[in-house]
Amino acid sequence: HTATYVFAAIFVLLFGCATAAFEVRDRQVWSVVTKPVSGGTWLLGKWLGTFALGMTIVVGGTALLGAGSAYMAAPRPLDARAARHVREAVRIGRVGTLPEYQQIPADELRAAVDAEIESDGGLRADLANGLRDEGEVRRAIAARKRKEFLDSQRRIGPGESREFTFRGLRGAVDSGRRIALRYRFHGGGDDEHMRFPAMIQYVTGKDAGSWELREWVPGEPYTLELDPKFVDPDGTLRIRVFSAGWDEAGNRPAPGSITMFMTDDSLEVMAEDSTFAGNLASAVAVDACKIAFLSALAVCAGALLSFPIAVLLAFGVFALATLTPFLATSRSNYDPDQKSGFVIWAFQNVVLAIATSVEYLLRGFAARSPSDSLAQGRSITWLALWQAASGIGVLWTGGVLALGWLCVRRKEMAV
């Protein structure tokens, strides 16, 4: 799906810039705007044509994706494991609920930061001599302490266990939707050739105390269908995960051989929300909003600028909009150096302001990414569709077309 969308995006950018810029350059537009056709109508027609061609690519690629996933999901003796993964993790639309994690108390965090600074003589000397900013040092230490506190709740040593709580499942249970536990454990150097045991015990529900023995490969995702009877009436599900197996000879649990750990999204309860076909249609709708915006951007740029400049502008905006998550990460780690002199410090603040403005204006484009949802079997919600349609499809696309229409009105197209 990503390849189809990227190909369609590149196509509409190049075609939109070319069809408008070359008609203006070669004065072919004369035969249109000298007739009872306004420049705005001409611009709208160019946009509609470019958008239609781009959506032809998207719809064709999506149809191939649907057919290919259906073939991969068909049970075959040699690929039973892969087919099961496609059916359970891809050809479905689910919404996820993450477990609750405790946050380190503010007083404990403050004490931990003070203790680390006090124990590091070199750091204290740097702070005393003004070589390092105390506020930045405290923020960095606090961020690391928060991460360490969360990581400790996601780590299970050999023979140990940890309880995880999921809330908000009452609606899914009452409506009869299927729920499943999706998990991905890490450990042992994430060697995909190794297998380790794990026990999952249900703490809530009618059959609290029952458990299941699972075998897992480090880094590989798994899906465990859950019986609604394990969910409390208030919609709470609690499970306990053991880093342990079962000793058949002794008829008792046996400690595992490694420490298993999880990332922030390694453990999630997924509730069925839509079919794969519905999810695929939602992905096409989100792509349509993006292609509409890119078509408007390319056509308006081509109508007002020469072809090379229009392509440079259109692809520049597309690249910035697509890479805003990386820009946001870079911006969060970018701190102007006050000790480098006023000129350099001021320049760094100008760069930070520009990056912040670009990320704020364009982050909605990259945030609406249906490819990840399709690959992970996550439902593209009505809220996501509304945000894409109203934000990208109406505001962004309409704004670009309105700006292009105002500029075309002032441009002497037929001279």
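**Exercise 1. Sequence range of contacts**

Take contacts between residues at least 6 apart in sequence, and find what share joins residues at least 24 apart.

*Solution.* The model is predicted. Count contacts in the protein between residues at least 6 apart in sequence. Of these, 79% join residues at least 24 apart. Now take one pair as an illustration. Ala303 and Leu43 are separated by 260 residues in sequence. Their C-alpha atoms lie 7.8 Å apart in space. Ala303 belongs to helix α9, residues 276-304. Its relative accessibility is 0%, so Ala303 counts as buried.

**Exercise 2. Overall inventory**

State how many helices and strands the protein has, and what percentage of its residues count as buried.

*Solution.* There are 14 helices and twelve strands. The protein has 415 residues, and 39% of them count as buried.

**Exercise 3. Strand order**

Work out the order of strands in the four-stranded open sheet, and name its edges.

*Solution.* Start with the order: β3-β8-β5-β6. The pairing is antiparallel. Next, the edges. β3 (161-166) and β6 (211-216) each pair on one side only, so they are the edge strands. Neighbouring strands are turned by 25° against each other on average, direction ignored. Then look at one pairing. Strand β5 (residues 196-202) runs antiparallel to β6, and six bridges join the two. Within this pairing, Phe196 has Trp216 in β6 as its bridge partner.

**Exercise 4. Helix α14: length and burial**

Test the span of α14 against 1.5 Å a residue, then list its buried residues.

*Solution.* Helix α14 covers residues 382-410, which is 29 residues. The expected span is 42 Å. The end C-alpha atoms are 40 Å apart, which agrees. Now the burial. The buried residues are Leu385, Ala388, Gly391, Ile392, Thr397, Val400, Leu401, Gly404 and Val408. For reading such a list, recall that an α-helix has 3.6 residues a turn, so residues three or four places apart point the same way.

**Exercise 5. Packing of α5 and α7**

Classify the angle between α5 and α7, give the handedness of the crossing, and list the residues that meet.

*Solution.* Helix α5 spans residues 106-119 and helix α7 spans 134-153. They pack at an angle of about 120°, with axes 10 Å apart. Roughly perpendicular ends at 115 degrees, and roughly antiparallel applies over 145. Therefore α5 is oblique to α7. The crossing is right-handed. From α5, the residues in contact are Glu108, Leu109, Ala112, Val113, Asp114, Glu116 and Ile117. From α7, they are Arg138, Ile141, Ala142, Arg144, Lys145, Arg146 and Phe149.

Terms used: Residues numbered from 1 in each chain as written. Predicted model: local features only at pLDDT ≥ 70, side-chain atom pairs only at ≥ 80, totals over all residues. Heavy atoms only, no water. Axes fitted to C-alpha atoms, helices over the stretch in contact; angles between N-to-C directions. Expected span 1.5 Å × (residues − 1). Buried < 20%, exposed > 50% of the residue type's maximum accessible area, 1.4 Å probe, protein only. Parallel < 35°, antiparallel > 145°, perpendicular 65-115°, else oblique. Left-handed = near helix turned anticlockwise from the far one by under 90°. Contact = heavy atoms within 4.5 Å.
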